[in-house]
Amino acid sequence: MTSQITAGTPSLTKESGPAPAPASGLRGHPWLTLFAVAIGVMMVTLDGTIVAVANPAIQKDLGASLADVQWITNGYLLALAVSLITAGKLGDRFGHRQTFLIGIAGFAVSSAAIGLSGGVELVIGFRVAQGLFGALLMPAALGLLRATFPAEKLNMAIGIWGMVIGASTAAGPIVGGLLVEHVSWQSVFFINVPVGVIALVFGLVILVDHRAENAPRSFDVLGVLLLSGAMFSLIWALIKAAEWGWGDSRTVLFLALSVLCFALFALWETRVREPLIPLGMFRSLPLSAGTVLMVLMAFAFMGGLFFVTFYLQNVHGMSPVDSGLHLLPLTGMMIVGSPLAGAAITKVGPRVPLVAGMVATAVACFGMARLTPDTATLTMSLWFALLGLGLAPVMVGATEVIVGNAPLELSGVAGGLQQAAMQVGGSLGTAVLGAVMASTVGDSFGDNWAKAELPPLTPEQQALAEKGVQVGIAPVPPGAPEPVAQAITGVAHDTFVSGMSTAFTVAGVVAVLAAVVACFTKRGEHAGAGAGAAHI
């Protein structure tokens, strides 16, 4: 074991087999490698939240339903989640530099295609393509860092890498607000083209290829299909449950199909020679806890953020850029808190910062469950700031907990698993809390409408009105008298906020559960293992 740690990550060597030579000039320089991969990672993670602010504009411009808007987010997150571990194996087989550059180029091209799309179906389709190409470059970035940095510098590099993910994830709402308000929702995607070109140029000039010494020679195709089928069935059932009903045979069928696919996937992974996910790695309790923690954290964060943008824009009447600025306490605390969390994790280990972070996240979620249509900016800002402060330790510490507790020969798989857990959690959070919102609106809108003594609605009119209320839009008919318009707006906003309150309460409960799970995390045995042979 000592020789393995000294040599760094086994299996990560130059293309010809020997250990990486000391960097000279630009090519292969560790810190320049970090800069190059950070640009690509920033582009992908920024896109995970930047679209949240653009969702209302996309929904209005393309006439999309709530389910359509959810799929714009879920299609991207699900494609990332399903493909990350497979993409990590592709990097081990063909080289992380190649997969990183292909991912950058494909992500930029698919982003341009979204901006040129004229229908929501095309937007969703190209968002899925975005996710697939993003999956190629994310684990490749971590693989390049582990292969390039010596052991004593790798923790610092991974900390900065985690800060880039946290900062770019948090910056999405502000950047998205500025682009949507001053340019168009299409510009949210077009901006990836020049960023992608810059990342591609830096990657071609700086990155050095590293291959796995014992590279896989086969691919777990059946495992990929089973995992993809399981995740698709689960997300589809959660999204459609609000429309079909939780007891409907179609909902039950898709949930049962998801369970069956997960069970078959687990059985197959124990028998295939080169499994997609070696299940033996989950014998490590800290690694398993870290993976579950990432899922739960992303569930609360991404699921809650989905509704905050609609709350700010459609209930408070803010412009996209104003809503982004109102989220500045959240984004600012994530950016400021990330290096502080990294220092704390380095000093005392991940357990205490992660538990404290998830407790703060839970308190923030319960606080945001108390928001009303008239809540003042200061109150909102306090809860947003607490949420950002709570999320920062989890964003930074996840790599150490998951990758550091994995056997060295499975470090690439663990890196993909860490990112996959975050993407799965975000997709599940958006779907589940969306279903919670739809269910709450369906249960209370009709009664609230009747209590306001408004004219009765036909079943068709009520169904159409409820779809708008689910995103905070008041169904005021053209030419309605001012008192009637105010009454309808009050009913719509109160109903939406009631649904959002229920959703944040669920998110808070999930965050409490995450805090309990965080108690089982610890610093990884191999957290400091790096390339070793590279000298800065």
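**View A. At 34% relative accessibility, Glu181 counts as partly exposed.** The cut-offs are worth learning here: buried means under 20% relative accessible area, exposed means over 50%, and partly exposed lies in between (1.4 Å probe, protein chains only). This is a predicted model, in which local features need pLDDT of at least 70 and side-chain atom pairs count only at pLDDT 80 or more, while totals for chains, interfaces and linings use all residues. Residues are numbered from 1 along each chain as its sequence is written, and side-chain values use heavy atoms, with hydrogens and water left out. Look for Glu181 in helix 6, residues 151–182. (Helices are DSSP runs of H or I with at least four residues, strands are runs of E with at least two, and both are numbered from the N terminus.) From the C-alpha atom of Glu181 to that of Asp322 is 9.0 Å, although 141 residues separate the two along the chain.

**View B. Helix 3 packs with helix 5 at an angle of about 30 degrees.** Helix 3 covers residues 66–94, helix 5 covers residues 120–148, and their axes are 7 Å apart. Each axis is a line fitted to C-alpha atoms, for helices over the stretch in contact, and angles between N-to-C directions run from 0 to 180 degrees. The two helices are therefore roughly parallel to each other; that label is for angles under 35 degrees, with over 145 being roughly antiparallel, 65 to 115 roughly perpendicular and the rest oblique. The crossing of helix 3 and helix 5 is right-handed, meaning that the near helix is turned clockwise from the far one by less than a right angle, whereas anticlockwise would be left-handed. Sorted by class, the contact between helix 3 and helix 5 has 17 nonpolar, seven polar and two charged residues. (Nonpolar covers Ala, Val, Leu, Ile, Met, Phe, Trp, Tyr, Cys and Pro; charged covers Asp, Glu, Lys and Arg; polar covers the others, Gly among them.)

**View C. Helix 3 also crosses helix 11, residues 285–315.** Here the axes come within 13 Å, and the crossing angle is roughly 140 degrees. Helix 3 and helix 11 are therefore oblique to each other. Their crossing is right-handed.

**View D. Tyr76 and Phe107 form an edge-to-face aromatic pair.** The ring centres are 6.4 Å apart, with 70 degrees between the planes. Rings of Phe, Tyr and Trp (its six-membered ring) pair if their centres lie within 6.5 Å; planes under 30 degrees apart count as stacked, over 60 as edge-to-face and the rest as tilted. Tyr76 sits in helix 3 and Phe107 in helix 4, residues 96–115, so the pair ties together parts that are 31 residues apart in sequence. Both residues are buried, and Phe107 has a relative accessible area of 0%. A third residue joins the view: Arg127 lies over the face of Tyr76, at 4.2 Å from the ring centre (a charge sits over a ring if NZ of Lys or CZ of Arg is within 6 Å of the centre and within 35 degrees of the ring normal). Phe107 and Arg127 are 20 residues apart in sequence, and their C-alpha atoms are 9.4 Å apart in space.

**View E. Phe445 and Trp449 form a tilted aromatic pair.** Their centres are 5.5 Å apart, and their planes make an angle of 50 degrees. Both residues belong to helix 16, residues 411–451, where they are four residues apart, about one turn of the helix. Phe445 and Trp449 are both buried. A search of the whole structure finds four aromatic pairs.

**View F. Two loop residues, Gly118 and Glu453, come into focus.** Gly118 is in the loop between helix 4 and helix 5, and at 69% relative accessibility Gly118 counts as exposed. The C-alpha atoms of Gly118 and Asp61 are 9.5 Å apart, with these positions 57 residues apart along the chain. Glu453 is in the loop between helix 16 and helix 17 (459–469). At 72% relative accessibility, Glu453 counts as exposed. Its phi is positive, about 55 degrees, although Glu453 is not a glycine.

**View G. Val510 is buried, with a relative accessible area of 13%.** Find Val510 in helix 18, residues 482–518. Val510 and Phe299 are 211 residues apart along the chain, and their C-alpha atoms are separated by 7.7 Å.
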